[in-house]
Amino acid sequence: MQALSHPFAAALVAAACVAAIGIAAFAWVLFREPRQLIRAEYGRQRRRLRLAVHRARIDGLHWCWTERAGTHATAPTLVMLHGYTGSKENWYRLVPELDARFRLVMPDLPGWGDSERIANADHGFVAEAAHVAAFLRHLDAGPVVLLGHSMGGGIAALVAAKYPDLVARVGLLDAAGVHFEDNAFGLAVLDGRNPFGIEDTASMEQYLSVLFHERSARPPLPWPGTIAFVRHRRNEAAFEQSVLDRIGRSDERFAPGDAAGDIRQPALLIWGAHDEVIDPSAMALYAARMPQARQVLLDRSGHMTLMEQPRDVADAVHWLIERGTPA
């Protein structure tokens, strides 16, 4: 066989070096900054939905949120609060289902996602509700339609009750903050464990199986996203445990439910019929304190109703805006 010419051989060596550098850089990102890969996917989703990123310092904290401008200046502003271990991106499947007239605002709560985390700060229901009230004042949008999922639902309930001038209507999705019937998740929390903790792909599978009723509803996570997600969540373990201790075991764990009786605004309660995190019995407990609330039980959903049945969630939100009545 004829030997390779020197220039061609040099080109191959150079290409191999570039490839090696690229692989090394990829490995560094994957193992040292795993969240960068997750951010890249979120960026792709954001561009597809034409969402803008906003950042501001509010009440001493740096906030990050994504926003879709509404087509009508007089239409409501919807503010959506994510749950425990979640982020603003949890709402992205709902965005295309909501009326284009509405302005949509999806923040990362303080301590989560791309918003500021201060070491040893209080990230419980009451403290986060005060932060959200400051955020709503910063938006200067008038009273908003406030939606909250899981932990974010408990926070939304407190904001609606304690800061009624900031909230025109409120929707609680699979909301934490009441003493629901015992399930495996709740018992683990009371025992001081984090049933959402992720150490490896097996625990990630368990996490997703608890969150989602139907496997087809889970967000796609092809390799190497699985590795990045596991490494990111392992890095978050101590923070997640501290928040769970606060919202699940402290003296304020039922603060949202206690405050719900003061919610006078038009209200909506949405639950997954197969929710293994916040048992569906919680919806009736909230409803007993919010008799004006419409109750919607989604039969193909677990805990992640906003991702599992976004069309049905959007229909219920449209009902809240157009037909909901106050207490």
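This passage describes the overall make-up of a predicted model and then follows a helix, a set of paired strands and two aspartates through it.

In the predicted model, the protein has 327 residues, of which 53% are buried, and its secondary structure comes to 12 helices and 8 strands. Among the contacts with a separation of 6 or more, 76% are between residues that lie 24 or more positions apart. The accessible surface amounts to about 15,100 Å², and carbon and sulfur atoms contribute 55% of that area. Inside the protein, the largest nonpolar core holds 101 residues, and the members that touch the most others within that core are Leu136 and Tyr286; the first of these belongs to the buried residues of helix α3, the second to those of helix α10.

Helix α3 covers residues 125–139. Its 15 residues should span 21 Å at 1.5 Å a residue, and the end C-alpha atoms are indeed 21 Å apart, so the expected and computed values agree. The helix is mostly covered, with 11 of its 15 residues buried. The buried set comprises Phe125, Ala127, Glu128, Ala129, His131, Val132, Ala133, Ala134, Phe135, Leu136 and Leu139, and thus includes Glu128 and His131 alongside residues such as Leu136. When residues up to four places away in sequence are set aside, Leu136 touches Val79, Val144, Val159, Leu166 and Val167. Of these partners, Val144 falls at the start of β5 (144–149), Val159 within helix α4 (residues 151–162), and Val167 at the start of β6 (167–173).

The strands that follow α3 can be traced through their bridges. Strands β5 and β6 pair in the parallel sense over 6 bridges, and the chain passes from β5 to β6 by way of helix α4 in a β-α-β crossover that is right-handed. Within this pairing, Leu146 has Val170 of β6 as its bridge partner. Strand β6 is in turn joined by 4 bridges to strand β7 (residues 267–272), which runs parallel to it, and here Val170 is bridged to Ala267 of β7. Val170 therefore has bridge partners in both pairings, as Leu146 is its partner on one side and Ala267 its partner in β7. Strand β6 is itself mostly covered, since 5 of its 7 residues are buried.Helix α10 (residues 281–289) adds to the covered interior, its buried residues being Ser281, Ala282, Met283, Tyr286 and Ala287. The elements that cover these residues include helix α4, strands β6 and β7, helix α9 (255–260) and strand β8 (294–298). Strand β6 thus appears both in the cover of α10 and in the parallel pairings with β5 and β7.

Two aspartates, each placed in a loop, have a positive phi although neither is a glycine. Asp140, with a phi of about 55°, follows directly on α3 and lies in the loop between that helix and β5. Its relative accessibility is 68%, and because this value is over 50%, Asp140 counts as exposed. Asp174, with a phi of about 50°, is placed in the loop between β6 and α5 (184–190). In contrast to Asp140, Asp174 has a relative accessible area of 0% and is buried, because this value is under 20%.

Technical notes. Residues numbered from 1 in each chain as written. Predicted model: local features only at pLDDT ≥ 70, side-chain atom pairs only at ≥ 80, totals over all residues. Heavy atoms only, no water. Helix = DSSP H or I, 4+ residues; strand = E, 2+ residues; numbered from the N terminus. Buried < 20%, exposed > 50% of the residue type's maximum accessible area, 1.4 Å probe, protein only. Expected span 1.5 Å × (residues − 1). Core = buried A, V, L, I, M, F, W, Y, C linked by side-chain atoms within 4.5 Å. Contact = heavy atoms within 4.5 Å. Areas by Shrake-Rupley, 256 points an atom, 1.4 Å probe, with all protein chains shown as cover. Pairing = 2+ DSSP bridges. Right-handed = clockwise from strand over helix to strand, strands pointing away.
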